[in-house]
Amino acid sequence: MSSTLREVLTKGLPPPGSSLSHRTGGHGRGRDVTPLSWKDFFDENRMLDIDGDKFNVYLKGSTGPLFYFLHGGGYSGLTWSCLATELCSRVQCRLLVPDLRGHGLSQTKDENDLSTERQVKDILNIYKAIFEGNGDEEPPYVVVVGHSMGGALAVHVVATNEIPNVVGLVVIDVVEGSAMDALSGMSTFLRGRPASFDSEEKAISWCLQSGATRNRQAARISMPSQIRKTEDGKYTWRIDLTATEPYWVGWFQGLSAKFLSCSPPKLLVLAGVDRLDKDLTIAQMQGKFQNTILPKVGHAVHEDSPDRLADELARFAIRHRFAEPVPGGKPLSAHPMMGMGMMI
């Protein structure tokens, strides 16, 4: 969790019309805020029945390594939509993108159990439902990628060693120390959000004006999946994140040590210069993981700058030789800021 998010949690989101709304491409007259469809970004949408729980997943691609994307709390799989398009234009790959328990279109018997243990089981079961029982087909190489809560879950999942052929772990904008520090302001932050919206378009406008997302296309596909229509015609949040507070500490506590214990190549992407704890600082200087800083983005790094993040994921995959560039695909941009001890 970056210094960018800590500032938001401390000071709250700015009101519509503030200076941030202008910097982030806030909604103005003539600006399109109509929702977009998953079909514009993914090849397939599938509903998995796992022991009576229904998990909604999006799929893209048919060859190459599998990027298994895990979203943050309150988001849905559609938060990765713009990144999905950008990444698949750079490297040959497949994508598995679920709505986690209590989020998006997934429907489970216990929507509020967002404990680490429960969600890790869900993530493993989703993988097995897609890839086990495929006859003689070899399991794909897998890169587990997670943002915020999903970043913590990615670490916990890889640490189980239950997904075969994991060749990479990518954690986006979450560090144990700053995440634990920020939890004290999370409830205040959540209470500061609007309780409801009159329409999906109004929600998308708020998303842009508040700076929650700085990319208009990302807001149009991601924000509608974070809300749902109620009987009175209003739109309210899909999940009550305040009800999950008992699990917050469990997501992040001990994360640094567990991250470093994971054997696959590791990439930590941050939205700003962050404070690494002692273990991470030493490991970074020893080159045990790659640390990349993407400037001028908010906490939703993958929504704000999907092209630059796709460059980093593609570069990471090509460097470690588990993915091939798309013939004639988009060239990779120059490196952003790199932390000391970058693993080459």
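**Aromatic pairs, a buried histidine and the H12 region**

At 5% relative accessibility, Trp251 counts as buried (buried means under 20% relative accessible area, exposed over 50% and partly exposed in between, with a 1.4 Å probe and protein chains only). The model is a predicted one, in which local features need pLDDT of at least 70 and side-chain atom pairs count only at pLDDT 80 or more, while totals for chains, interfaces and linings use all residues. Residues are numbered from 1 along each chain as its sequence is written, and side-chain values use heavy atoms, with hydrogens and water left out.

Rings of Phe, Tyr and Trp (its six-membered ring) are taken to pair if their centres lie within 6.5 Å; planes under 30 degrees apart count as stacked, over 60 as edge-to-face and the rest as tilted. By this rule there are eleven aromatic pairs. Trp251 and Phe252 have ring centres 5.9 Å apart and planes at 85°, so this pair is edge-to-face. Phe252 is buried too, with a relative accessible area of 3%. Phe197 and Trp206 make a tilted pair, 5.8 Å centre to centre with 55° between the planes, and both residues are buried. Elsewhere, Trp38, Phe42 and Tyr58 form one aromatic cluster.

His147 belongs to strand E5 (residues 142–147); helices (H or I, at least four residues) and strands (E, at least two) are DSSP runs, numbered from the N terminus. With a relative accessible area of 0%, His147 is buried. Its side chain reaches the backbone oxygen of His299 at 2.9 Å. Leaving aside residues up to four places away in sequence, His147 touches several residues, among them Leu70, Trp80, Asp173 and His302 (contact means heavy atoms within 4.5 Å).

What of helix H12 (residues 278–285), where Leu280, Ala283 and Gln284 are buried? These residues cover an arc of only 100° around the axis, which puts them on the same side of H12; the arc is that of the directions from the helix axis to the C-beta atoms. The face turned away from this buried side carries the exposed residues Lys278 and Met285. The cover over the buried residues of H12 includes helix H11 (255–261) and strand E11 (290–293).

Strand E11 is itself covered on both faces, with Gln290 and Thr292 buried on one side and Asn291 and Ile293 on the other. E11 pairs with strand E10 (residues 266–270) in the parallel sense over four bridges, where pairing requires that DSSP finds at least two bridges between two strands. Within this pairing, Ile293 of E11 is the bridge partner of Leu270.

Methods. Polar contact = N/O pair within 3.5 Å; in protein donor to acceptor, adjacent residues only side chain to side chain.
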